[in-house]
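User: I have a model open and want to go through its interfaces. Can we take them one by one?

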Amino acid sequence: MSSTSTAAAVAETPQRLRGRDAVQQHIGKKMSGAEIFLHALEAEDARVVFGHPGGAVIHVYDEMARVKPNFQHVLVRHEQGGTHAAEGYAKATGQVGTVLVTSGPGATNTVTGIADAFMDSVPIVVFTGQVPMPLIGNDAFQETDTLGVTRSITKHNYLVRAPDEIPRIVHEAYHLARTGRPGPVVVDLPKDVLMAEGVFQFDEEIRMRGYSVPDECDEIRLRRAVRMLEKSQRPLLYVGGGTINSNAAEVLTEFARHLNIPVTTSLHGLGAFPEDDPLSLGMLGMHGMWWANQAVQHADLIIAVGARFDDRVTGMVDRWAPHAAVIHIEIDKSCISKNIYADLAFNADVKSVLERLRPLVNPKKVKRWLNKIQDWRDECPLTYADDGELRPQYVLERLRAKSGGDAVVCTDVGQNQMWAAQYLKFTQPRSHITSGGLGTMGFSLPAALGAGFGMRAYGIDKTVISINGDGGFMMNAQELAVASAHGIPLKVVIMNNNFLGMVRQWQELFHENRFSHTDLTDTNPDFVQLARASRCVALRANRPDQVEDVIEKAWEINDRPVVMEFRVVKEEMVFPMVPAGKSSDEMITSRHAPETFV
Amino acid sequence: MNDEAITLTPQQLIRKRAAGEPVEPGAPPQAQQHIINVLLENSMGALIRVVNMFSARGFNIDSVTVGVTDDPTVSRMCIVTRGNDRVISQIIRQLNRLVDTIEVDDVTGTDFVERELCMIKVRCTGDKRSEVLQINEIFRGRVVDVTRDILALEIVGPTRKVDAFVNLMRMHGIEEVARSGRVAMQRAPQPTRGEI
């Protein structure tokens, strides 16, 4: 049953204090709904708002010019780019991302980003304009049932009905987006509500009787976890993005090292545990490391930490980890025993559970298990051909060498994403940002833009790298001009194979080489010219010996984005691979050995 | 899958049993009907969010009722659904996950009373009419409207009783049926001997 706590005090972080101080002077004053809205954003310390104006929100933009609120508004060139930018901002900084768009098409254009944030638990709040209340339901100009459209892809959504409600709803929206399992919240703002006059009030307390953050971590559960760990001879930590959302990477790393247990991560878990640690097995799943999947299939205990057993992780569920008892630490109860039954579950915050479990457990003596994993590592290492052709894996290795892992990397969807996950060896939390659950092509560039603004807003000095394929890059290429307009020094990588590479790979492996509509040779633009037209520096490499030089030049530029086009070979494929719907012990390890399922 | 005989590991058996899935090959799936009560905010959009969740996640709804409680800010829904243990526990967790839901309660397997209300128009004249009225009497139904050749009856009871009544009326020529869907309430715990 849900808890009956009716009010929750919001933790007094420096951000919250800063936000609250900023609006003290406005409390109790009469003003328009639009101005109330701006101060409500200030109260949440929303430092950057990604938006696009239009008729329904014109009064908000008008007040923005008059009032000059203390946040920066970034004019994106497509609302989808705005939502992904907010996601990048949120994932890079750990703060809530903010989007402001108009009604109708403005709202529907945000849908992909909202769905993406919902799947990947990204805290963003999307404010959509709406036609005036009396016109709702009338098929008015630029009207869409935004609440209806976004209902199944948001954690919650609101329609504001009076200007006085705005501060409470905005406050609840940020609270919902940030706490528990983070996610997107939509707030629909009718134009007449923004125009009407109201009084600005601000109440710190949250009153939502149907919402509470769970903390099921009692003595009995902890003692059972200790017993299961003591009994286990082949334990494995399976770490997901929830660990990073919970800011638990450090605690987890210490926990794993103390226990001496190997760690494999999901795509979103990359960075939660340093991949240069000997206990790291890298990523598991469809394009994960062969040895990591072998470890899963042979483990007798899997501790899943902030992970949701996605089908790209498990493959065929019935045959996944057939010998392993499962301990699941997860903030969202609906993820527990959804795909894989949890023998023991902690429905609680990852960090708090690990902190309470840590003093109760002793280091494991599992030398034989670790040796076995080392054998698997040696048996099937990650390789690619070294034959003088330009291969994407080589480019990634050079990028990794240059950045030293001290960068925020946003990847797109497809082959580029999987190679980056395999080769970039992430060592820090919030250094890997990608669209995992929804698999949204066109995610990387706007996400990197948002991460770049996040770095600036919070004074973090890290290079932001955007990794793209030629297909996905074209889906949100318009945001390049926004990055150059603001002098955001993104390092934009395009792995150009003139193909929709991942689809091509499936067509070669499973559809008898019928490359149906995946060849982009005739429709791709000249990426160097496109980048220059957007006032970016553009560089190109055609051969491996040019890669180093391009990267060196790119890293010298710090006042605007650099686009690096690498013309890589068409036929390269991502291996190893578990074919969709197959079991984790049926990995294809190379193009020439599809029959040698291991 | 079928050409190879798969022996399940002990852990796989544990998982199957926990999900309520048949362990023996070829055994029929074990879907059970469940009655779930939900208390939720009596606000715009709360009801649709619940119903929408069922359709978005592919769960079945056999019947659903909703009405306000003694607290005007709280509505109560009674949802009748079906599925194996894994599906039912998912439904309950997904319901709890909604921000508008205050309490979710699966009354199946507990001691509860359930009722459904049914109004039915039957075409009957002469001898037939007295027969219908007799059956109505047996089922403790009430006559709510009467015309020259139509009787409108109201019956309240557990769904099985309503089913039986509707079936009996079928041979007399049903004009119209309106059923409310089920509502259920857990019985208050009986005082134990010591307390008496």
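Analyst: Buried area here is the accessible area, with a 1.4 Å probe, that two parts lose on being put together, summed over both. With that meaning, domain 1 of chain B and domain 2 of chain B bury about 580 Å² between them, and 56% of it lies on carbon and sulfur atoms. Keep in mind that this is a predicted model.

User: Which residues of domain 1 of chain B lose the most area to domain 2 of chain B?

Analyst: They are B:Ile35, B:Thr65 and B:Arg76, which together account for 57% of what the domain 1 side of chain B buries against domain 2 of chain B.

User: Where do the two domains of chain B start and end?

Analyst: Domain 1 of chain B covers 29-106, and domain 2 of chain B covers 112-185. Eight residues from domain 1 of chain B and seven residues from domain 2 of chain B take part in the contact. Taken over C-alpha atoms, the centres of these two domains are 28 Å apart.

User: How many salt bridges and polar contacts go across that one?

Analyst: Between domain 1 of chain B and domain 2 of chain B there are zero salt bridges. The polar contacts come to five residue pairs, both residues at pLDDT 80 or more.

User: Switching to chain A. How is chain A divided?

Analyst: Chain A has domain 1 (7-207), domain 2 (219-379) and domain 3 (392-567).

User: What area do domain 2 of chain A and domain 3 of chain A bury between them?

Analyst: About 1500 Å², with 61% of it on carbon and sulfur atoms. On the domain 2 side of chain A, A:Leu267, A:Glu275 and A:His287 lose the most area to domain 3 of chain A, together 37% of what that side buries. In residue terms, 18 residues of domain 2 of chain A are in contact with 17 residues of domain 3 of chain A. The centres of the two domains, over C-alpha atoms, are 30 Å apart.

User: And what about polar contacts and salt bridges there?

Analyst: Six residue pairs are in polar contact across the interface of domain 2 of chain A and domain 3 of chain A, both residues at pLDDT 80 or more. The salt bridge count across that interface is zero. By class, the side of domain 2 of chain A that touches domain 3 of chain A has nine nonpolar, five polar and four charged residues.

User: Now the chains themselves. How many residues of chain B are in contact with chain A?

Analyst: 33 residues of chain B are in contact with 36 residues of chain A. The area buried between the chains is about 2800 Å², and carbon and sulfur atoms give 49% of it. In chain B, the residues that lose the most area to chain A are B:Arg15, B:Arg93 and B:Val99, together 25% of what that side buries.

User: How many salt bridges between the chains?

Analyst: Three salt bridges are counted between chain B and chain A. In one salt bridge, the side chains of B:Glu41 and A:Arg209 meet at 2.8 Å, N to O. There are also 15 residue pairs in polar contact across the interface of chain B and chain A, both residues at pLDDT 80 or more.

User: Last topic, cysteines. How many disulfides over all chains?

Analyst: The count is zero disulfides over all chains. B:Cys78, for one, is in no disulfide, and the nearest cysteine sulfur, that of B:Cys118, is 17 Å away.

User: Is B:Cys78 buried or exposed?

Analyst: B:Cys78 is buried, because its relative accessible area is 3%, and the cut-off for buried is under 20%. A:Cys380 also counts as buried, at 17% relative accessibility.

Notes. Residues are numbered from 1 along each chain as its sequence is written. Chains are lettered from A and ligands numbered from 1 in the order in which they are written. This is a predicted model: local features need pLDDT of at least 70, side-chain atom pairs count only at pLDDT 80 or more; totals for chains, interfaces and linings use all residues. Side-chain values use heavy atoms; hydrogens and water are left out. Domain bounds come from an automatic or database domain assignment. Contact means heavy atoms within 4.5 Å. A salt bridge is a side-chain nitrogen of Lys or Arg within 4 Å of a carboxyl oxygen of Asp or Glu. A polar contact is a pair of N or O atoms within 3.5 Å; within protein, one must be able to donate a hydrogen and the other to accept it, and residues adjacent in sequence count only if both atoms are side-chain atoms. Ala, Val, Leu, Ile, Met, Phe, Trp, Tyr, Cys and Pro count as nonpolar, Asp, Glu, Lys and Arg as charged, and the others, Gly among them, as polar. A disulfide is a pair of cysteine sulfur atoms within 2.5 Å. Buried means under 20% relative accessible area, exposed over 50%, partly exposed in between (1.4 Å probe, protein chains only).
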